[in-house]
Amino acid sequence: MGKKRKLRKSLHKREIDDTPALVICVGKSCAPREVSRQLADQTRAYATASGSRVRVAVIGCLHVCKKGPVVATWPDIEFHKRVDLARACRLVDELAAEAPDVSEKTCPSEHAP
Ligand code: FES
């Protein structure tokens, strides 16, 4: 089974929908666990502070297992290696920019003249 298919299966089990997300591996084979967990915490804090709709999720392994921390984008899966906080924040911004603005779709009366 391919890496992308494994990730899809794992996230569907966790009932993660197609909301844009950054999935960070916190397994111990690709990078020290404390480094990955700190990256996840800081990236989640950035996403929250910036008001982004992008979720930051953690997973036990992304089956890349080298040159970590390893991160995957969701729902358009791309794997990224050696991700630091600056790069993770850029990925959050890119995912937010690609995501449709739900507020405009659900509240059209707010935008009416
Ligand atoms: S332990 Fe991180 S990708 Fe496998």
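## Strand S1 and its parallel neighbour

In this predicted model, Cys 25 of strand S1 stands opposite Ile 59 in strand S2. The two strands, S1 and S2 (residues 55-59), run parallel and are joined by five bridges. Between them the chain passes through helix H2 (residues 33-49), and the resulting β-α-β crossover from S1 to S2 is right-handed.

S1 spans residues 21-25, and five of its five residues are buried, so the strand is largely enclosed by the rest of the structure. Its side chains alternate in direction: Ala 21, Val 23 and Cys 25 point one way, whereas Leu 22 and Ile 24 point the other way, and all are buried.

## The four-stranded sheet

Strands of a sheet pair through backbone hydrogen bonds, in either a parallel or an antiparallel arrangement. Here an open sheet of four strands has the order S2-S1-S3-S4, and its pairing is mixed. S2 and S4 are the edge strands, each pairing on one side only.

Besides its parallel pairing with S2, S1 pairs with strand S3 (residues 71-74) in the antiparallel sense, over four bridges. Within that pairing, Leu 22 of S1 stands opposite Thr 73 in S3. S3 also pairs with S4, again in the antiparallel sense, over two bridges. Ala 72 has Phe 79 of S4 as its bridge partner.

## Helix H3 and its buried face

Helix H3 covers residues 85-98, a run of 14 residues. From its first C-alpha to its last it reaches 20 Å, close to the 20 Å expected at 1.5 Å a residue. Ala 88, Leu 91, Val 92 and Leu 95 are buried in this helix. Viewed down the axis of H3, the buried residues fall within an arc of 100°, so they line one face of the helix.

That buried set packs against S1, H2, S3 and strand S4 (79-80). On the other side of H3, Ala 86, Arg 90 and Ala 97 are exposed. Asp 93 also lies in H3. It is partly exposed, because 15 other C-beta atoms lie within 10 Å, a count between the limit of 12 or fewer for exposed residues and that of 20 or more for buried ones. Asp 93 and Ser 52 are 41 residues apart in sequence, yet their C-alpha atoms are 7.8 Å apart in space.

## Backbone geometry in the loops

Most residues other than glycine have a negative phi, and most peptide bonds are trans. The loop between S2 and S3 holds several departures from these tendencies, including His 63, Cys 65 and Pro 69. His 63 has a positive phi, near 65°, and Cys 65, which is not a glycine either, has a positive phi of about 60°. The peptide bond from Gly 68 to Pro 69 is cis, with omega near 0°.

The surroundings of His 63 and Cys 65 can be stated by neighbour count. His 63 is buried, since 20 other C-beta atoms lie within 10 Å, and the cut-off for burial is 20 or more. Cys 65 has 15 such atoms within 10 Å and is therefore partly exposed. In the loop between S3 and S4 lies Pro 75, which is joined to Trp 74 by a cis peptide bond with omega of about 10°.

## Overall organisation

The protein contains four helices and four strands. Along the sequence these follow the pattern α-β-α-β-β-β-α-α. Of its 113 residues, 27% are buried. Among contacts with a separation of 6 or more, 69% are between residues 24 or more positions apart.

## Model confidence

The mean pLDDT of the protein is 88, and 88% of its residues reach 70 or more. Among the elements, S4 has the highest mean pLDDT, 98, while helix H4 (residues 102-106) has the lowest, 44. Over residues 102-113 the pLDDT stays under 50, and the model has two contacts beyond four places in sequence for this stretch.

Definitions and conventions
Residues numbered from 1 in each chain as written. Predicted model: local features only at pLDDT ≥ 70, side-chain atom pairs only at ≥ 80, totals over all residues. Pairing = 2+ DSSP bridges. Right-handed = clockwise from strand over helix to strand, strands pointing away. Expected span 1.5 Å × (residues − 1). Arc of directions from axis to C-beta. Contact = placed C-beta atoms within 7 Å. pLDDT = per-residue confidence, 0-100.
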